[in-house]
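These are my notes from going through one model, entry by entry. I put down what I looked up and what I found.

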Amino acid sequence: MADFVKVGGLGEVSTALPRALRQTNDIRVLIPGYRQVVAGRRITEVARLPPAWDLPGCTIGRMDMADGLVVYVVLCSELFERDGTPYGDGRGTDWDDNHIRFARLSLAAAEIARGVADIGWRPDVLHLNDWPAGLTAGYLAWHRTPVPTVFTVHNLAYQGLFDAARMASIGVPEQAFRMEGIEFYGKMSFLKAGIYYASHVTTVSATYAREITTPEFGCGFEGLLRVRESQNRLSGILNGVDESWDASRDPSLAGHFDRRNLQGRRLNAVETREAFRLGVSQGPLFAIISRLVQQKGIDLAIEAAEKIVEQGGQIAVTGQGEPLLEDALRRLAERHPGQVGVRIGFDEAEARRLFAGSDFLLMPSRFEPCGLSQMFAQRYGSLPIAYRTGGLVDTIEDGVTGFLFSELSCSGLMEAVSRAFDSFSVKKTLLAMRRNAMSRQINWLQSARRYNDVYERIRTWGVSLPAAF
């Protein structure tokens, strides 16, 4: 949850969507008590949960945010208060006990829904996000608890796979280890638990919802997802953009602007070039603001960078991820001092200035369930250049609010980059595209209405429980 700690787009969603839903629902959030969450914060204990199987006991704490949002925290220092990221040690290695850590989170959610954790409040609907929460739907089913659940897949590639020998340690019944359950190619999958046992499955764009029913994008789950689609239990709901993304008042920016007066963008461009040690230039500035992983097509961007620089463009890169890609980007910057700037790591304010100061955003993701960066870029007048996939298709109008390419290769990317250079050379065209991009209205209230429809639908459906174990 981006209020405390963020890994990818889910952190943004977990911050913004509950607040949008509060207009029509009593929404509560449950998150693990990571060190970044609990440090220096006032948390009131509201329940204690005993150990179960190999899962340690934990405390449920409550935080009341300044705007009134209630956040419950699973307090278990031995599992969650660690250095590194929520999922690993910060060097790219997952914690070996992640099955215990996220089974503890999932069981806590299920016990709150069952009333075992008496916190003075019980949900009508549980909304689970990604594999770390997927086992919740299984625990409810195995305990015969008829609470409807929505399971949102933010990225099907992250599947929560663990050795089947660990099932007993987290209370997964042997009978659940089958195709009609949590078994996935000989392992147990927390993601599959969510997809199989939840009342309804959503993902974060309409195009990605269609793509994941195909072998190319289904990651092995396409058969089950086609069944869910046929049952009218699969939906694509586009993510929104938080209202803090407002170029006319964002305190992070060096200069403010709006779609009628874009002069303030220049100040952000100047500051960005200084921060990334780029020379003064009349050419376009391309940004890469991304997790540096294979999915994001960073290798394609590195290959295209040589040609972009040859044509007079500059590139500023911020992000962190796979060490090989980080090293490749550092070497790229060394080959092109003053033309390519790379800052490994992530600073929210700096990223916002880069969105506001760049001309184009390079986003050649191999797949992209929704993507938020392209929408942030559009809000701030930077035109995204992206592969025609997933939520990128649903949010970028080719030649109007950005550029799409259809061949996943360096030459495919360069075709779109060439069109971007052409638009940059015709100021009237560039200005019109910037204003079109900034005029797009994609907000969380629209998303919240769609989720509300799903909640109401599954409440009226009731819950079909699997055969008793």
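Entry 1, Met 63. I began with Met 63, which lies in strand E3 of what is a predicted model. I asked whether Met 63 is buried or exposed; at 4% relative accessibility it counts as buried. Leaving aside neighbours within four places in sequence, I listed the contacts of Met 63 as Phe 4, Val 37, Arg 41, Arg 42, Ile 43, Leu 69, Val 70, Val 71 and Val 73. I also took the C-alpha to C-alpha distance from Met 63 to Arg 28, which is 10 Å for two residues that are 35 apart in sequence.

Entry 2, the second largest pocket. Arg 28 led me to this pocket, since Arg 28 is among the residues closest to its centre, together with Val 29, Leu 30, His 127 and Asn 129. The volume of the second largest pocket comes to about 1,100 Å³, and 46 residues line it. Which elements each supply at least two residues of that lining? I noted helix H1 (9–21), strand E1 (28–32), helix H4 (98–114), strand E5 (126–129), helix H5 (130–142) and helix H17 (444–461). The largest share, seven residues, comes from H1. Sorted by class, the lining has 31 nonpolar, eight polar and seven charged residues.

Entry 3, Asn 239. I placed Asn 239 in the loop between E11 and helix H9 (265–275), and its relative accessibility of 4% makes it count as buried. With neighbours within four places in sequence left aside, Asn 239 is in contact with Val 13, Val 204, Cys 370, Leu 372, Met 375, Ile 442, Trp 444 and Ser 447.

Entry 4, cysteines. How many disulfides does a search of the whole structure find? The search returns zero. I then checked Cys 76, which is in no disulfide, the nearest cysteine sulfur being that of Cys 58 at 6.2 Å; a pair would have to lie within 2.5 Å to be called a disulfide. Cys 76 has a relative accessible area of 5%, so I recorded it as buried. Cys 219 is in no disulfide either, and its nearest cysteine sulfur, that of Cys 370, is 17 Å away. Unlike a buried residue, Cys 219 counts as partly exposed, at 31% relative accessibility.

Entry 5, positive phi values. I stayed with Cys 219, which lies in the loop between helix H7 (206–211) and H8, because its relative accessibility of 31% was already in my notes and I wanted its backbone as well. Phi of Cys 219 is near 55 degrees, a positive value in a residue other than glycine. Trp 53 also has a positive phi, near 55 degrees, and is likewise a residue other than glycine; I found Trp 53 in the loop between strand E2 (44–49) and strand E3 (58–64). Trp 53 counts as partly exposed, with a relative accessibility of 44%. A further positive phi, of about 60 degrees, belongs to Asn 232, just after H8.

Entry 6, helix H8. Which residues of helix H8 (residues 222–230) are buried? I noted Glu 222, Leu 224, Leu 225 and Arg 228. Looking down the axis of H8, I found that these buried residues fall within an arc of 160 degrees, so they line one face of the helix. What they pack against is helix H6 (190–197), strand E10 (200–203) and strand E11 (234–236).

Entry 7, Ala 287. In strand E12 (residues 285–289) I looked up Ala 287, which counts as buried at 0% relative accessibility. Its contacts, apart from neighbours within four places in sequence, are Ala 316, Leu 354, Ser 358, Phe 360, Leu 361 and Leu 362. From Ala 287 to Gly 90 the C-alpha to C-alpha distance is 25 Å, and the two are 197 residues apart in sequence.

Entry 8, Arg 331. I closed with Arg 331, which lies in helix H11 (residues 323–335) and, at 46% relative accessibility, counts as partly exposed. The C-alpha atoms of Arg 331 and Val 342 are separated by 9.5 Å, with the two residues eleven apart along the chain.

Terms used:
Residues are numbered from 1 along each chain as its sequence is written. This is a predicted model: local features need pLDDT of at least 70, side-chain atom pairs count only at pLDDT 80 or more; totals for chains, interfaces and linings use all residues. Side-chain values use heavy atoms; hydrogens and water are left out. On a 1 Å grid over the protein atoms alone, a cavity is a set of points where a 1.4 Å probe fits but cannot get out, and a pocket is an open set with protein on both sides within 12 Å along at least five of seven lines; lining residues have an atom within 4 Å of a point. Grid points are joined across faces, edges and corners, and a volume is the space filled by probe spheres set on the points. Helices (H or I, at least four residues) and strands (E, at least two) are DSSP runs, numbered from the N terminus. Ala, Val, Leu, Ile, Met, Phe, Trp, Tyr, Cys and Pro count as nonpolar, Asp, Glu, Lys and Arg as charged, and the others, Gly among them, as polar. Buried means under 20% relative accessible area, exposed over 50%, partly exposed in between (1.4 Å probe, protein chains only). The arc is that of the directions from the helix axis to the C-beta atoms. Contact means heavy atoms within 4.5 Å.
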